[in-house]
Amino acid sequence: MPWMYDWTCGVCGRLSATALCESCQPISSPLVQLISVAAFDGPARDAIHAFKFHGLHAMSAVMGRLMASCTQTHQIDVVIHVPLHTSRRRERGYDQSSLLARSAARQLHIPWKSKALTRTRRTAQQARLSADKRAANVAGAFRATSAWHGEHVLLIDDVSTTGATLRAAAVALQSAGAGEITGLVFAKAL
């Protein structure tokens, strides 16, 4: 497994000691940090594909534990996941990010708000889009379902490639009053 377990840039996901790496500092991001368990390659990629597309959702317990172990030093108030659109969830039968968030929240003994975000429209699958089209695809696609009061949110998704989906979800949370938002994924494409 190509383990990462290090601090990464909140925009691009490259290793960085600060919230934004030097090349991304001109870019605005609601994420203070993006944490990843592994690079999206080899066994990590195989695990994500088995979990996401082949119904092996029992893997969420182990994956969630690994994700939680990356955040032990952070002061998090609430765990939230990046939701699938209801039609895609019906097709797949489950929401993989929801399963990861539930598992990580249990490990961290932090509340998980399962309905804190909704996906307001069905978007094209990000994997099929070029990097420059991903942000436009998910812009405005999320809505917070309630007001927040400065809580530090741990926002969970399974994979981050360009970070566009996490940033779009974080914008919705920030607009609703969330404080710091830390992104956490099982795997990050490098």
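This report describes a predicted model, going from the overall make-up of the protein to one of its helices and then to a single histidine.

## Overall architecture

The secondary structure of this predicted protein comes to 6 helices and 7 strands, and, read from the N terminus on, these elements follow one another in the order β-β-α-α-β-α-α-β-α-β-β-α-β. The protein has 190 residues, of which 54% count as buried, while its accessible surface comes to about 8900 Å², with 52% of that surface belonging to carbon and sulfur atoms.

When contacts are restricted to pairs of residues at least 6 apart in sequence, 73% of them join residues that are at least 24 apart.

## Helix 2 and its buried face

Helix 2 spans residues 60-69, and within this helix Ser60, Met63, Gly64, Met67 and Ala68 are buried. Because these buried residues fall within an arc of 135° when seen down the axis of helix 2, they line one face of the helix. The spacing can be read against a general rule: an α-helix has 3.6 residues a turn, so residues three or four places apart point the same way.

The cover over the buried residues of helix 2 is drawn from both kinds of element, including the strands 2 (31-39), 6 (153-160) and 7 (181-188), together with helix 1 (42-53) and helix 4 (96-108).

## The surroundings of His81

His81 is found in strand 3, which covers residues 78-81. With a relative accessible area of 4%, His81 counts as buried because this value lies under the 20% cut-off.

Leaving aside residues up to four places away in sequence, His81 touches Asp95, Ser97, Ser98, Ala101, Trp112, Ser114, Leu117, Leu155 and Ile156. Two of these neighbours can be described further: the side chain of His81 makes a polar contact with the side chain of Trp112, at 3.4 Å, whereas Ser114, which stands 33 residues from His81 in sequence, has its C-alpha 7.1 Å from the C-alpha of His81 in space.

Notes
Residues numbered from 1 in each chain as written. Predicted model: local features only at pLDDT ≥ 70, side-chain atom pairs only at ≥ 80, totals over all residues. Heavy atoms only, no water. Helix = DSSP H or I, 4+ residues; strand = E, 2+ residues; numbered from the N terminus. Buried < 20%, exposed > 50% of the residue type's maximum accessible area, 1.4 Å probe, protein only. Contact = heavy atoms within 4.5 Å. Polar contact = N/O pair within 3.5 Å; in protein donor to acceptor, adjacent residues only side chain to side chain. Arc of directions from axis to C-beta. Areas by Shrake-Rupley, 256 points an atom, 1.4 Å probe, with all protein chains shown as cover.
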